Amino acid sequence: MAGFLKTLVPKRFRKEGVAIPVVRLNGAIMASGSQFRPPLNLSTAAPALEKAFAYKDAPAVAISINSPGGSPVQSRLIFQRIRELAAEKNKRVLVFVEDVAASGGYMIALAGDEIFADPTSIVGSIGVVSGGFGFPEMLKKIGVERRVYTAGSNKAILDPFQPEKESDIEYLKSLQLEIHQVFIDMVKERRGAKLADDPDLFSGLFWTGGRGKALGLVDGLSDMRSELKRRYGPKTRLELVAAPKGLFGRKAPGIGGLSEDIAGRIGSAGVAAVAGLAEEKALWGRFGLSG
């Protein structure tokens, strides 16, 4: 019936070629962010993913990834949602790496049935990292005494205002090793026999897309438009899918013309915003990039 109705529409108004929904997953992966710099997490990614996989006639969903990583939990949740939707809707998932898909970004990329990258993309960094600062000497210099009261001998573990303890470091390392093994298992399950036998593969190193292909981390070197048109025909249409906006849309952030209410909220959340921005820039900075 649908085919018959299509013939009734004048040819110049008919859309020809296959429509492939495209979802862009961009940014550092964090559980929370701010209205001015939204993070990449399951909450922000899910609406666009649901919408893309709802394309009834599309044989595949294309996902563009540009992320230096971040939260392993959110990375894995996004990965799982993509695979669940792919199975439920019977869609092939094609992932395309832009500047970088490293650490958690690469974990999300594993959701692809095939992964493509530019020869100059950065991929890999299959490892776990934790970082922070210690301030015990600074407190002494400014005459501040740190007071901590706990119920539980390990409740104040890794407190940045107390001297570092060897037992704390050992415990943190044990957690990192567990998470790292989960990541390694995901890579082996998804990439299988494609992986090269290289001792550095799971060391946390990262590589260009070209080297990543040789190691089996990506399947091909291509850009999204070229690959999709090669695969589904020259008349293939790429349709960008974004998360639904609110009733009045979402205003783009800016410096000038802020309302008094928004300016007040920026001031009250200033410290957290600066810390979050610093963390995000540090993630991009590891790969010679800035967010």
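Analyst: Contact means heavy atoms within 4.5 Å of each other, while helices (H or I, at least four residues) and strands (E, at least two) are DSSP runs numbered from the N terminus. You're looking at a predicted model, where local features need pLDDT of at least 70, side-chain atom pairs count only at pLDDT 80 or more, and totals for chains, interfaces and linings use all residues. Residues are numbered from 1 along each chain as its sequence is written, and side-chain values use heavy atoms, with hydrogens and water left out.

User: Let's start with H6, then. What do the buried residues of H6 pack against?

Analyst: Helix H3 (72-89), helix H4 (104-109) and strand E4 (114-117). The buried set in H6 includes Asp 168, Gln 176, His 180, Phe 183 and Met 186.

User: What makes the reach of H6 close to what is expected?

Analyst: The expected span is 1.5 Å times one less than the number of residues. H6 (residues 166-191) has 26 residues, which gives 38 Å, and its first and last C-alphas are 37 Å apart, close to that value. Right after H6 comes Gly 192, with a positive phi near 50°.

User: Why does His 180 count as buried?

Analyst: Buried means under 20% relative accessible area, exposed means over 50%, and partly exposed is in between (1.4 Å probe, protein chains only). His 180 comes in at 18%, so it's buried. Leaving out residues up to four places away in sequence, His 180 touches Ile 126, Gly 127, Val 128 and Phe 202.

User: Asn 90 and Ser 125 both caught my eye. What is notable about phi of Asn 90, and what about phi of Ser 125?

Analyst: Asn 90 has a positive phi near 55° without being a glycine. Ser 125, also not a glycine, has a positive phi near 55° too. Asn 90 sits in the loop between H3 and E3, and Ser 125 in the loop between strand E5 (122-124) and helix H5 (136-141).

User: Is Asn 90 buried or exposed, and is Ser 125 buried or exposed?

Analyst: Asn 90 has a relative accessible area of 68%, over the 50% line, so it's exposed. Ser 125 has 3%, under the 20% line, so it's buried.

User: How do you know that E1 pairs with E8?

Analyst: Two strands pair if DSSP finds at least two bridges between them. E1 and strand E8 (residues 237-240) have 4 bridges, so they pass, and they run parallel. One partnership there is Ala 19 with Arg 237. E1 also pairs in the parallel sense with strand E2 (residues 60-67), over 5 bridges, and Asn 26 has Asn 66 as its partner in E2.

User: Which way do E2 and E3 run?

Analyst: Parallel, and 7 bridges join E2 to E3. Ile 63 has Val 95 as its bridge partner in E3.

User: Why is E1 described as largely enclosed, and why is E3?

Analyst: In E1 (residues 19-26), 6 of the 8 residues are buried, so the rest of the structure largely encloses that strand. E3 gets the description because 8 of its 11 residues are buried.

User: What makes a set of residues a nonpolar core?

Analyst: Members must be buried Ala, Val, Leu, Ile, Met, Phe, Trp, Tyr or Cys residues joined through side-chain atoms within 4.5 Å. The largest core has 45 residues, and those touching the most other members include Leu 25, Leu 49, Ile 63, Ile 82 and Tyr 106. Among the elements giving two or more residues to this core are E1, E2, H3 and H6. H2 supplies the largest share, 7 residues. Not counting residues up to four places away in sequence, Ile 82 touches Leu 25, Leu 49, Phe 53, Ile 63, Val 93, Ile 108 and Ala 111. A second, separate core of 9 residues includes Phe 96, Phe 116, Met 224 and Leu 228.

User: Why do Phe 96 and Phe 116 count as a stacked pair?

Analyst: Rings of Phe, Tyr and Trp (its six-membered ring) pair if their centres lie within 6.5 Å; planes under 30 degrees apart are stacked, over 60 edge-to-face, and the rest tilted. Phe 96 and Phe 116 are 5.2 Å centre to centre with 15° between the planes, so they meet both cut-offs. Phe 96 is in strand E3 and Phe 116 in strand E4, 20 residues apart. Both Phe 96 and Phe 116 are buried.
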